[in-house]
Amino acid sequence: MARVVITNQRLFIDGVSLLWLVIRGCGRGQGRRAPKTWCRRTLWNKETRAAGAIRAGGDSSLSRHGCRCSAASVEVLRCVVQAVTRERDMKSRVRKFAVGALAAAAGMALMAPAAQAADKFKIFLSMSYIGNDWQAEAANMLNALAAHKNYADKVDLQVQVAGPNAQKQIQQINSMVQAGAKAIIVYPISPTALNSAVKNACAKGVVVIAYDSIISEPCAYNVHIDQKQWGTKSAEWLVDKLGGKGKVVMISGVPGTTVDTLRIEGAKEVFSKHPGIEVVAEANGMWSQAVARTELSKILATRNWDQIDGIWMQAGCYTANSMQSEAGIADDKLKPCAGEASNGGRIQMLPVGTKVDGANGTYRPMGAPRWSSGSQNFTGALALKLAVDKLEGKEIPALTDVAQNIVTNENIKLCAEGTWQEMKDGCNVFQPAIIPNPGWFASIYSDLTPEVGLNAALVAQPEE
């Protein structure tokens with residue numbers, strides 16, 4: 001029997017949102033301009049409000065943009081909204097409806113037979129800190145890869161979150177081994193704290209692969225960019241922009257992770273070679289736009305923008321530019337900022353006057369001077385691919401050093417729809433109409449993971 005859950009007016013069956021599966025039946029109308037992804041994403045964002053506006057004949061605000069849903073999708077979506085919003089006290093009816101509607105409209109099984117699950121590789125994802133957009137996207141892409149047609153029959157993926165607690169992550173890894181894990185994909189909170197648990201897992205034949213951050217235990221595999229190089233290159237760009245002198249604010253990431261440690265090390269080595277560069281303030285931003293705003297506000301309580309020449313932020317350049325705009329600083333006077341790959345920050349890099357769909361407030365082209373490079377959100381998905389390869393008897397490298405994708409004002413390129421082909425052709429920032437959250441990370445493309453693209457990062461749906 002499928003497990004049905006209603007929460008915040010969303011309907012979930014065995015953890016899968018029925019609304020999303022129905023929305024998969026929506027796309028653009030013949031001869032119209034709205035991209036399929038935009039139609040689906042707009043429905044997803046508005047959920048029951050958009051769904052409730054759909055009439056049986058397909059007449060809605062979305063139809064003016066050329067969005068069309070199949071008749072079955074429209075009818076099922078309309079009924080789901082009515083069932084959830086008007087008949088919440090009649091859950092048994094909703095359960096019966098949901099199971100039947102999912103089978104009819106989505107055409108897919110919700111539960112694999114026990115015998116089929118037994119034939120799959122039992123793989124666990126062990127996550128540590130998850131309080132930012134990067135972690136959510138990386139987990140989405142990993143889950144999407146597990147759901148891809150090339151892996152769905154091979155992988156039984158289970159996810160556990162320890163938070164920023166090394167001891168809890170150790171306990172979870174030990175439990176995963178006892179539960180029969182064949183492989184464990186890890187975002188480690190520390191490069192060394194997990195070593196004994198990882199060594200124990202390896203001794204029992206479990207494949208352990210860390211992504212983005214590092215595990216130093218020799219039996220573990222690692223997948224990541226060169227984080228020290230990220231710090232070095234970002235700092236070199238900033239020093240060059242400042243002409244070798246100026247007051248710099250540094251906003252770092254999650255303390256204790258190798259990502260944060262190596263980036264700071266690389267940046268400070270560069271700054272130390274230039275006597276004219278003065279680091280006047282430092283704070284932990286936790287790779288979060290919200291935390292970055294809080295920490296910058298504290299710094300600005302003791303000095304104003306005129307006393308800051310440049311900003312080095314692991315995440316938060318979008319926020320820094322927005323705060324300057326709120327303070328009355330003109331677009332052409334924004335401080336140079338070297339940092340991560342948030343979509344909002346990259347939209348701000350586009351030349352003033354660039355036409356984008358959905359621009360609003362400071363989420364708009366500003367010509368902001370930027371260096372932007374992501375920690376590559378697909379590394380978790382790539383780690384899962386490598387784990388399956390290893391379990392199937394193939395050799396994999398101890399270290400997969402993923403290439404950085406550095407974006408500056410010289411090579412920023414707007415994606416029209418965010419298709420795989422567009423990203424392959426070099427686009428690296430997405431329309432605000434498609435990505436309403438400016439803190440969302442745009443560093444999702446890799447030719448190593450063609451199974452996952454924009455929809456994977458957004459809602460854990462693989463490429464077809």
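Modeller: pLDDT is the predictor's confidence in each residue, on a scale from 0 to 100. What you have here is a predicted model: local features need pLDDT of at least 70, side-chain atom pairs count only at pLDDT 80 or more, and totals for chains, interfaces and linings use all residues. Residues are numbered from 1 along each chain as its sequence is written, and side-chain values use heavy atoms, with hydrogens and water left out.

Biologist: What is the mean pLDDT of the protein?

Modeller: The mean is 82, and 75% of the residues reach 70 or more.

Biologist: What makes you wary of residues 1-115?

Modeller: Their pLDDT stays under 50. Where pLDDT is low, the predicted coordinates should not be read in detail. The model does have 157 contacts (heavy atoms within 4.5 Å) beyond four places in sequence for residues 1-115.

Biologist: Why do you say that Cys202 and Cys219 form a disulfide?

Modeller: The rule asks for a pair of cysteine sulfur atoms within 2.5 Å. For Cys202 and Cys219 the sulfur atoms are 2.1 Å apart, so the pair passes. By that rule, the count comes to three disulfides.

Biologist: What makes the disulfide of Cys202 and Cys219 right-handed or left-handed?

Modeller: The torsion about its S-S bond is about 80°, so this disulfide is right-handed.

Biologist: How do you know whether Cys219 is buried, partly exposed or exposed?

Modeller: Buried means under 20% relative accessible area, exposed over 50%, and partly exposed in between (1.4 Å probe, protein chains only). Cys219 has 26%, so "partly exposed" is the label.

Biologist: Why is the link of Cys317 to Cys337 called a disulfide?

Modeller: S to S is 2.0 Å, so the pair meets the cut-off. With a torsion of about -80° about the S-S bond, the disulfide is left-handed. Helices (H or I, at least four residues) and strands (E, at least two) are DSSP runs, numbered from the N terminus. Cys317 lies in helix H13 (residues 317-326) and Cys337 in strand E14 (residues 337-339), so the disulfide ties together parts 20 residues apart in sequence.

Biologist: Why does Cys317 get the label buried or exposed?

Modeller: Its relative accessibility is 3%, so Cys317 counts as buried. Cys337, at 0%, is buried as well.

Biologist: What makes Cys415 and Cys427 a disulfide?

Modeller: Their S to S distance is 2.0 Å, so they satisfy the rule too. With 90° about the S-S bond, the link is right-handed, and both Cys415 and Cys427 are buried.
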